[in-house]
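Me: I'd like a close look at a single part of this model, the place where protein meets DNA. Could you take me through it at an easy pace?

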Protein chains: 2
Amino acid sequence: MTDCSTCVVRNRAICASLDAAELAALGKMGRKQKVRHGQTLLWEGDGAPVVANVLSGVLKLVVSTADGREQIVGIVFPSDFIGRPFGKESPYSVTAMTDAEVCIFNRNSFDDFAGKHPDLQQKLLRRTLDELDRARHWMMLLGRKSASEKVASFLLEMSERLSGQGCEAGALNNGFELPFGRQQIADILGLTIETTSRQFTRMREDGLVDLPSRREVVINDRAAMMAMAG
Amino acid sequence: MTDCSTCVVRNRAICASLDAAELAALGKMGRKQKVRHGQTLLWEGDGAPVVANVLSGVLKLVVSTADGREQIVGIVFPSDFIGRPFGKESPYSVTAMTDAEVCIFNRNSFDDFAGKHPDLQQKLLRRTLDELDRARHWMMLLGRKSASEKVASFLLEMSERLSGQGCEAGALNNGFELPFGRQQIADILGLTIETTSRQFTRMREDGLVDLPSRREVVINDRAAMMAMAG
DNA sequence: CGCCACTTTGAGACGTATCAAGGGGGGTGG
DNA sequence: CCACCCCCCTTGATACGTCTCAAAGTGGCG
């Protein structure tokens, strides 16, 4: 049993739709679990017996080909939802990109609970619709954009999604720390690590960004970046 | 007012969750509308005042860049749902690829109705989750597959989705008629029309498929096709 | 029969992948 | 505290695949 009333994502996760009594009932079904950096929570193609909310950390959703190519199809931040309700098997792997903490539920129990709580289901629907929009925009990026456009789009989206949470909102928008290395950025953008690296270098040389360290990015010229993003 | 009880997609669309009285209430809000081949129902970025169910025909969801490149991010068949509930603006354009007929609703009215009918909302959630899975698999295709893998994957998926509906189920699975031309296939796969055409030609030369006409495809060697799809 | 839109084919340019070495930077052990 | 090592990142040279530009071919329809 978990005490949801003090949960760090109490007001942002789908649980926000529940009152105290409902929350207690849900809390009985769930448990907190730590996930280490690099650890995989769900495997593509396996039966997916659990769903979860992310409390802290960042996880990736990955689809792979038989010969080992990987495409990251989603990135999950705190308060986001993980897993496939109403589905038999997981359509992708879920792996932690940082140490993380999740609030985990048995899928069948969760499905039942959701069926009895329309507000929760609506929150889940809204989230899923948002995810679908994001995925579809990413399809445009993957199918039609050049390497430089991909990297620019990526940095802009990351500066938005990362500033939304935790950080000292506002002012510092232009500087942020990526929770991934170059290879993972490449897997997000459908590029190789070399091409990704070259694009970063060129953007630095052109003065569009500063790169104080491997994972830090400062956007100097947001307008030019947006132009480059296509 | 529309009589939903005789609707051709009565049992397949999200309306299937409603009883006679609810259906009558929904019918009052909706109206049938014909959409011509090539006509656009919703524009990317515009306020999206409507949602709809597809009764007949095929429509595409398109995202475009400022300079005119297009990526098809979804294909919509009869009984599928169109539009963005709970959203301010449409994240993509919706255009008919054939003459089509849709059952159209004011979005706000539909949102209200959905809020009062959890079963309908659950159907919508399940559909949205399925769409999201499909979109994510398409991301892998767009980001990581070669032209030949893309075309093979496309033909296999189309043979499934097209045989699911209408047709004399089963036997004829291997032959089907595509509802799109080469350019639109290219826009689905993130390729140019020339590359797409060359892949079709090669697959015909290799005996993998027959192409009795521009839009007809017969898969001769399904196993080889699946191997080629990656 | 001839027009038109769509498709196929060809030749060449371009961008990204691939293969192969060289740098860092951060953490560990001495 | 320094040095070393390992992993990740960068850089370079080349190959390959897809795009681009151009033109010829095909099928449907008036």
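Which atom of DNA strand C is 2.9 Å from an N or O atom in the side chain of A:Glu194?

Reply: Happy to. A word on conventions before the answer: this is a predicted model, in which local features need pLDDT of at least 70, side-chain atom pairs count only at pLDDT 80 or more, and totals for chains, interfaces and linings use all residues. Residues are numbered from 1 along each chain as its sequence is written, chains are lettered from A and ligands numbered from 1 in the order in which they are written, and side-chain values use heavy atoms, with hydrogens and water left out.

The partner of A:Glu194 is a base nitrogen of DNA strand C, 2.9 Å from an N or O atom in that side chain. This is a polar contact, meaning a pair of N or O atoms within 3.5 Å; within protein, one atom must be able to donate a hydrogen and the other to accept it, and residues adjacent in sequence count only if both atoms are side-chain atoms. Chain B reaches strand C too: a polar side-chain atom of B:Arg214 lies 3.0 Å from a base oxygen, while one of B:Ser197 lies 2.7 Å from a phosphate oxygen. Two or more residues of the surface near strand C come from each of helix H6 (193–205) of chain A, helix H5 (182–189) of chain B and helix H6 (193–205) of chain B. Helices here are DSSP runs of H or I with at least four residues, strands are runs of E with at least two, and both are numbered from the N terminus.

Stepping back, 18 residues lie around DNA strand C, and A:Ala147, A:Thr195, B:Arg182, B:Ser197 and B:Thr201 come nearest. A residue counts as near if one of its heavy atoms lies within 4 Å of the strand. H6(B) provides the largest share of this surface, five residues. By class there are three nonpolar, eight polar and seven charged residues, where Ala, Val, Leu, Ile, Met, Phe, Trp, Tyr, Cys and Pro count as nonpolar, Asp, Glu, Lys and Arg as charged, and the others, Gly among them, as polar. On the DNA side, 58% of the strand C atoms within 4 Å of the protein belong to sugar or phosphate, and the rest to bases.

Now for the other strand. DNA strand D is surrounded by 17 residues, the closest being A:Arg182, A:Ser197, A:Thr201, B:Ala147 and B:Thr195. Of its atoms that come within 4 Å of the protein, sugar and phosphate account for 60%. The side chain of A:Arg182 has an N or O atom 2.8 Å from a phosphate oxygen of strand D, and a polar side-chain atom of A:Ser197 also lies 2.8 Å from a phosphate oxygen of this strand. B:Arg214 has a side-chain N or O atom 2.9 Å from a base oxygen of strand D. H6(A) gives the most to the surface near strand D, with four residues, and the classes there are two nonpolar, eight polar and seven charged.

Both chains serve both strands, as the residues named around strand C and strand D show. Between them, chain A and chain B bury about 4,200 Å², 61% of it on carbon and sulfur atoms; buried area is the accessible area (1.4 Å probe) that two parts lose on being put together, summed over both.
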